[in-house]
Amino acid sequence: MSSKTFFQKIVDREIPAQIVYEDNQALAFWDITPQAPVHILIIPKKPIPQIELATSEDEALLGHLLYVATQIAKKEGLNDGYRLVVNNGAQGGQTVFHLHIHLLGGRALGWPPG
Ligand code: 5GP
C-alpha cells in the first residue's frame, strides 16, 4: 500500500490537479474544494509533513514558497489583498500532511478565522 499523500501523488503526476506554477522546489495548484474565488495551494516538492517539522535546512525553501505565493497572487490579479494560511496539526485544522500554503482571495475574508 502506498503511504504517499494526495499532494505527493500530484507532485509525481499520479493524480491530476489544476497546476498553475511549478519549479524545481515548488508546485502550486487549485484547491479541489475552493473556499474563495481564488484558492490555490503552494507546496514544496520535498515531502515535509507539516510546518512544525521543517528544519533549519528548510529555511530558504519556506521563504521560497512564500515568495512564489506572492507571485501567483499577482498573476491572479489579487490587487485588493489576499490571505496566506498554513494549517498545522489537528487543532490547526490540517487534513493533508504534506506542508502547504493556502492562497485565498477574490473576496473579503473575515477575521478571526473559525
Ligand atoms: P488543510 O486542511 O490540510 O490545511 O488543507 C488541505 C486542502 O487540500 C483542503 O483545502 C482540501 O480541499 C484540499 N485537497 C484535499 N485533497 C485534495 C486533492 O486531491 N486535490 C486538490 N487539488 N486539493 C485537495
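Q: A polar contact is a pair of N or O atoms within 3.5 Å; within protein, one must be able to donate a hydrogen and the other to accept it, and residues adjacent in sequence count only if both atoms are side-chain atoms. Which residue has a polar backbone atom 2.9 Å from an oxygen atom of the ligand?
A: This is a predicted model, in which local features need pLDDT of at least 70 and side-chain atom pairs pLDDT 80 or more, while totals for chains, interfaces and linings use all residues. Residues are numbered from 1 along each chain as its sequence is written, and side-chain values use heavy atoms, without hydrogens and water. The backbone partner of the ligand oxygen, at 2.9 Å, is V96.

Q: Which residue has a side-chain N or O atom 2.8 Å from an oxygen atom of the ligand?
A: A nitrogen atom of the ligand lies 2.9 Å from a polar backbone atom of W30. The side-chain N or O atom at 2.8 Å from a ligand oxygen belongs to N87.

Q: What percentage of the ligand's own accessible area does the protein cover?
A: Accessible areas come from the Shrake-Rupley method with a 1.4 Å probe. Of the 520 Å² that the ligand exposes on its own, the protein covers 84%.

Q: Which element supplies the largest share of the shell around the ligand?
A: The ligand is surrounded by 16 residues (a heavy atom within 4 Å), with D31, N87, T95, H100 and H102 the closest. Helices (H or I, at least four residues) and strands (E, at least two) are DSSP runs, numbered from the N terminus. At least two shell residues come from each of α1 (6-11) and β2 (26-30). The largest share, three residues, is that of α1.

Q: How are the rings of F7 and F29 arranged?
A: Rings of Phe, Tyr and Trp (its six-membered ring) pair if their centres lie within 6.5 Å, with planes under 30 degrees apart stacked, over 60 edge-to-face and the rest tilted. The count comes to one aromatic pair. F7 in helix α1 and F29 in strand β2 are 22 residues apart, and their pair links distant parts of the chain. The centres are 5.3 Å apart and the planes at 75 degrees, so the arrangement is edge-to-face.

Q: Is the peptide bond from W111 to P112 cis or trans?
A: P112 is placed in the segment after β5 (101-105). Omega of the bond from W111 to P112 is near 5 degrees, and the bond is cis.
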